[in-house]
Amino acid sequence: PVFHGIDFAELLQYQEKPLVFAPGEAQFWTDPHIARQMLTVHLDPNTDLASRRPEIIAQTVSWLVAALGLKPGDHILDLGCGPGLYAVRLARQGLQVTGVDFSKNSIDYAVEAAHQEGLAITYRCENYLDLQDVAQYDAALLIYGDFCPLAPEARARLLAYVHRALKPGGFFFLDVSTPALRQRAGLKKGWYAAPSGFWKSGPHLVLEQGFAYADDITLDQYIVIEANGKISVYRNWFQDYTPETIRAELETGGFLIESLWGDLVGTEYQPGSDWIGLVARRT
């Protein structure tokens, strides 16, 4: 294919460093093509790109149930549940699970998988930033750094909604990335062309850029140019944390950290860990 009609003035504009947490394409994870690609990556047992590998998910669920003292009949809220990889394992242990995700592809897959196993899991296709539940759950999960891409006001809103959704004394179980992970990953800088791929079903060119900001904020930006010259800009923001900064933010949101780990399988936290795993309680 011949690429034509590219607006270079628009392209140059996108090479400038964006304002912190400036949005990219409004249709990102809900784009039909990207949603199908994401589901495929979620279900791939050989990669950690969208969900952790099955053996880690199984270890996380086992450790979560033991660490929180969960028992059959307890109500669990799985935020950003995707295709239900954690939800099904929790339901197998007799827990009453509600999964929330705004990808219809993932929810449809999760509903069918639960049906095949005869598991009574409640799945809702909605944005968890619109959560309306009140005092329903013994524990809420937000796993694999889903807290980190949100802008400060969205994080505060989510914490308020999770606080409201939990029963008094309920647990919030989450993990966040650290600056050490971002330093190891490095800032993106490269390009590739593809006849089809993750971002688009047809021929396209992808320009990858990374930007660093103050206060442990980084951006992965993908400028995608299609053969007809259309330019789309996708942005993945990351707010990384230290134990001190995540503790302060959770306390402001009405949560006290009961324990802090290097992951969500019970590994001791060490300075330089890529992740911080957190068991927090609603105050």
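Arg155 counts as buried, with a relative accessibility of just 4%. This is a predicted model, and here Arg155 pairs up with Glu249 in a salt bridge, their closest N and O atoms 2.6 Å apart. Glu249 sits in helix H8 and Arg155 in helix H6, so this pair ties together parts that are 94 residues apart in sequence.

**Helix H8**

- H8 covers residues 243-252, and its buried residues are Pro243, Ile246, Glu249 and Leu250.
- Looking down the axis of H8, those buried residues fall within an arc of 140°, so they line one face of the helix.
- Flip to the other side of H8 and you find Glu244 and Thr252 exposed.
- The buried residues of H8 pack against helix H6 (152-165) and three strands: S5 (166-177), S10 (255-261) and S11 (275-282).
- After H8 comes Gly254, with a positive phi near 95°.

**Other salt bridges**

- The count of salt bridges comes to 14.
- Asp274 and Arg184 meet through their side chains in one of them, at 2.3 Å from N to O.
- That pair links distant parts of the chain, 90 residues apart: Asp274 is in the loop between S10 and S11, while Arg184 belongs to helix H7 (residues 179-185).
- Asp274 is partly exposed at 25% relative accessible area, whereas Arg184 is exposed at 55%.
- Arg124, Glu126 and Asp133 are joined into one network by salt bridges that share partners.
- Within that network, Arg124 bridges to Asp133 with the closest N and O atoms 2.7 Å apart.
- Arg124 counts as partly exposed at 21% relative accessibility, but Asp133 counts as buried at 5%.

How values were computed: Residues are numbered from 1 along each chain as its sequence is written. This is a predicted model: local features need pLDDT of at least 70, side-chain atom pairs count only at pLDDT 80 or more; totals for chains, interfaces and linings use all residues. Side-chain values use heavy atoms; hydrogens and water are left out. Buried means under 20% relative accessible area, exposed over 50%, partly exposed in between (1.4 Å probe, protein chains only). Helices (H or I, at least four residues) and strands (E, at least two) are DSSP runs, numbered from the N terminus. The arc is that of the directions from the helix axis to the C-beta atoms. Contact means heavy atoms within 4.5 Å. A salt bridge is a side-chain nitrogen of Lys or Arg within 4 Å of a carboxyl oxygen of Asp or Glu.
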